[in-house]
Amino acid sequence: MKCNRIFSTILALVVFGFLAANSAHATDWTITQLTNNSYTNSSPQIHGSHVVWYGGVTLAEREIFLYDGNSTTNISNNSYWDKSPQIYGSNVVWAGHPSGTDEEILLYDGESITQLDNKIGRAHV
């Protein structure tokens with residue numbers, strides 16, 4: 001019983017210390033709302049000041065959106081389903097359905113989109 005009380009006291013002090021140390025940094029944070037639409041927005045990923053996610057009004061058409069720290073752009077802007085975006089720097093990769101049946105891997109390099117594969121089957125991002 002005495003060990004449990006000591007352990008509980010130590011755990012409480014560690015948690016309190018962690019919260020107290022991090023609360024000072026919380027005032028340095030800025031919360032920015034990136035979406036205000038009727039879309040279903042999902043799977044946000046962040047790298048630096050860039051955020052990428054997918055969203056859309058219907059299941060048949062989901063798009064990839066990129067926030068660059070200043071504004072949001074629909075980078076896929078097509079008529080098919082795009083999903084599972086990942087970001088590193090200004091490079092964004094995701095799975096899309098350009099043929100309507102199989103998934104392909106697409107890359108946005110900050111300027112243009114390149115389809116990286118053209119195989120029949122399911123891509124895994």
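Here is a quick tour of a predicted model, covering its confidence, one sheet and its main nonpolar core.

Local features need pLDDT of at least 70 and side-chain atom pairs count only at pLDDT 80 or more, while totals for chains, interfaces and linings use all residues. Residues are numbered from 1 along each chain as its sequence is written, and side-chain values use heavy atoms, with hydrogens and water left out.

On confidence, pLDDT (the predictor's per-residue confidence, from 0 to 100) has a chain mean of 78, with 70% of residues at 70 or more. Over residues 7–16 pLDDT stays under 50, and there the model has zero contacts (heavy atoms within 4.5 Å) beyond four places in sequence.

Now the sheet. Strands are DSSP runs of E, at least two residues, numbered from the N terminus, and two of them pair if DSSP finds at least two bridges between them. Four strands make an open sheet in the order S1-S2-S3-S4, paired antiparallel. The edges are S1 and S4, each pairing on one side only. S2 and S3 share six bridges in the antiparallel sense, and threonine 58 has glutamate 61 of S3 as its bridge partner.

| Strand | Residues |
|---|---|
| S1 | 40–47 |
| S2 | 50–58 |
| S3 | 61–67 |
| S4 | 72–74 |

What about the core? The largest nonpolar core (buried Ala, Val, Leu, Ile, Met, Phe, Trp, Tyr and Cys residues joined through side-chain atoms within 4.5 Å; buried means under 20% relative accessible area, with a 1.4 Å probe and protein chains only) has 11 residues, including Val52, Ile64, Tyr80 and Trp94. S2, S3, S6 (91–96) and S7 (104–108) each supply at least two of its residues. Tyrosine 80 also touches Glu61, among others such as Gly96 and Leu106, leaving aside residues up to four places away in sequence.

Technical notes
Buried means under 20% relative accessible area, exposed over 50%, partly exposed in between (1.4 Å probe, protein chains only).
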